[in-house]
Amino acid sequence: MQRNTKWAAVILTLVAGMGWLLMGNSKPKNNTAADQQPPAERMLAKVSNAPITSADVTSKIELLGRPFKKGPYANNVWDLQLYRGKIYMGHGNSSNLGVSPNAGPIPVIYFDTATPKFVTQSVTNRNPSIVPSTKMFVDEEQIDIFKVLNDKLYIPGNDSDGEQWDMGNFYRLDGDVWTKYRNLPLGVHVYDLASYQGKLFAALGTEQKPTVLISHDQGESWQKFATINTFGFRAYTLFEIKGKLYASGMMYPANNIWGDKTNILEINEKLEKKDVLIYGSKMLPGLSYQTGTVPYNKIGKNINFNNKLLYIAGGVFNDGQLLPKSLNIMTDINQASRVILPDTQALPTDLLQRDGKVYVLSYTRKSANLYINRVYQSTDLTTWNEILRFNQDTYARSFEEHEGDFYFGLGTDPDVLSTSSGKLLRVNRNDIPVNSN
């Protein structure tokens, strides 16, 4: 590698750990993809001839409310999670810069499908060294994801609000009360949690290296398990494929400057660990580095389906947020292909799995205040059928399904702030034509 290339790689790595100063300017202004997929890959998605029909349900959309009290960007519904008839809603903003920075503390709010109404739940401290207290929020700048593990609902402590960096947090729902556990060593950011081989694992962003912790007692205590031999300081995502657990950080897309090689951490059934070499060209198929953009990418939301991993990949943007770029199917490490949906300009934002079917939420931006939101369905990850669509003045960032009804959480981007961000919408199952087939 030439001297200039080496310095380019060093500078890029430093940027990755210095507060993400360049992230705010990296987002494209529209959906015209700079990263086009190779023609051969376009055959992966098919428009089906099956008797599945779609409907424009714009006139049928029901506004359930907007329970958040932050600014539009911090009102982003980062995640919707169904748990025991309740739709939990994540929001907030962990970024130190830009609009609505450091938006914590964040209330834990769900929509009760039976009542129906919004409810804010209480949070109590678990740690013996902390004076017992009950609050109506988590001590985080953002609730980015909820995780259902072993039939328990968890919140990873994305970015603690006003606390020291020697420990990180996670929260578990016990009955109707959330319990805060402040016991993850060096957990400046707790980005993901996973259950594997009877153990809990946590993916951390630290001041040192991307780190994975293990708990042998369901979160009562944690120990350092491994670090990922890669660039940057953050482990973002835990996922399973071929019976093994993987922890991934940032990835380079295909490029001719510093290369696209890095490592992820592999954990096998015996809890043995090793670094595995990966290539951005294989894990981020169809993406390539574009001059003037930030080159850091990561795996976002993902689900296992038919022994494969369906996942959304995109840029690391505005601190640790995901700028979606592609929908991909992984059959093994370094073996992935890109899905092009029937609307080839659609950007994926969320994934669901129900009863032998997988659903993808996507949007296409048509103008400054017109977005077409679509839900696609597949039973084989090859044929994708649109089952509904609706227009809004912004896009749906997350979705859920309960008893045939679909719920949508609206979001926004920092350069096109929408006051509709934070709304929870519902489409009744009787208004979705596929339900009549």
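How many cavities of 30 Å³ or more does this chain have? The count comes to three. I'll get back to those in a minute. One thing to keep in mind throughout: this is a predicted model.

Okay, the overall picture. The protein chain has 437 residues, and 57% of them are buried. In terms of secondary structure, there are two helices and 31 strands. If you take contacts between residues at least 6 apart in sequence, 54% of them join residues at least 24 apart. As for the outside, the chain exposes about 17,700 Å², with carbon and sulfur atoms supplying 49% of that.

I'd like to walk along one stretch of strands with you, starting at S22. Strand S22 covers residues 308-317, and strand S23 covers residues 321-332. These two run antiparallel, joined by nine bridges. Phe317 has Gln321 in S23 as its bridge partner. S22 and S23 form a hairpin with three residues between them, and in that turn Asn318 has a positive phi of about 50 degrees.

Let's stop on S22 for a moment, since Gly314 sits in that strand. Is Gly314 buried or exposed? Gly314 is buried, because its relative accessible area is 0%, and the cut-off for buried is under 20%. So who is around it? Skipping neighbours within four places in sequence, Gly314 is in contact with Tyr296, Asn297 and Lys298, and also with Leu322, Leu323, Pro324 and Lys325. Take Asn297 from that list: it is 17 residues away from Gly314 along the chain, yet the two C-alpha atoms are separated by 5.3 Å.

Moving on down the chain. S23 also pairs with strand S24, residues 335-339, in the antiparallel sense over five bridges. Here Met330 has Ala336 in S24 as its bridge partner. The hairpin of S23 and S24 has two residues between the strands, and Asn334 takes a positive phi near 65 degrees there.

Next is strand S25, residues 347-354, which is mostly covered, with seven of its eight residues buried. S25 runs antiparallel to strand S26, residues 357-367, and seven bridges join them. Asp350 stands opposite Leu361 in S26. Their hairpin has two residues between the strands, and this time Asp355 takes the positive phi, near 45 degrees.

Hang on to Leu361, as it shows up again. Which residue is the bridge partner of Leu361 in S27? That's Val375. S26 and S27 pair in the antiparallel sense over nine bridges, and a hairpin joins them through two residues. Strand S27, residues 370-378, is mostly covered too, with eight of its nine residues buried.

One more step along. S27 is joined by seven bridges to strand S28, residues 383-392, and those two run antiparallel. Asn373 stands opposite Phe390 in S28. The hairpin of S27 and S28 has four residues between the strands, with Leu381 at a positive phi near 65 degrees.

Right, back to the empty spaces. The largest cavity holds about 80 Å³ of space. It is lined by 11 residues, and nearest its centre you'll find Leu322, Pro324, Tyr395, Arg397 and Asp413. Remember Leu322 and Pro324? Both are in contact with Gly314. Which strand gives the largest share of that lining? It's S23, with four residues. By class, the lining of the largest cavity has seven nonpolar, one polar and three charged residues.

Then there's the largest pocket, with about 1,200 Å³ of space. Its lining takes in 44 residues, and the closest to the centre are Phe146, Lys147, Lys301, Asn302 and Ile303. Quite a list of strands each supply at least two residues to that lining, including S23 and S25 from our walk, as well as strand S9 (147-149), strand S21 (297-305) and strand S29 (396-402). The pocket lining divides into 23 nonpolar, 10 polar and 11 charged residues.

If you open the model afterwards, try starting at Gly314 in S22. From there, go to Leu322 and Pro324, which are among the residues nearest the centre of the largest cavity. That's it from me.

Conventions. Residues are numbered from 1 along each chain as its sequence is written. This is a predicted model: local features need pLDDT of at least 70, side-chain atom pairs count only at pLDDT 80 or more; totals for chains, interfaces and linings use all residues. Side-chain values use heavy atoms; hydrogens and water are left out. Two strands pair if DSSP finds at least two bridges between them. On a 1 Å grid over the protein atoms alone, a cavity is a set of points where a 1.4 Å probe fits but cannot get out, and a pocket is an open set with protein on both sides within 12 Å along at least five of seven lines; lining residues have an atom within 4 Å of a point. Grid points are joined across faces, edges and corners, and a volume is the space filled by probe spheres set on the points. Ala, Val, Leu, Ile, Met, Phe, Trp, Tyr, Cys and Pro count as nonpolar, Asp, Glu, Lys and Arg as charged, and the others, Gly among them, as polar. Buried means under 20% relative accessible area, exposed over 50%, partly exposed in between (1.4 Å probe, protein chains only). Contact means heavy atoms within 4.5 Å. Accessible areas come from the Shrake-Rupley method with a 1.4 Å probe; for residues, only the protein chains shown count as cover.
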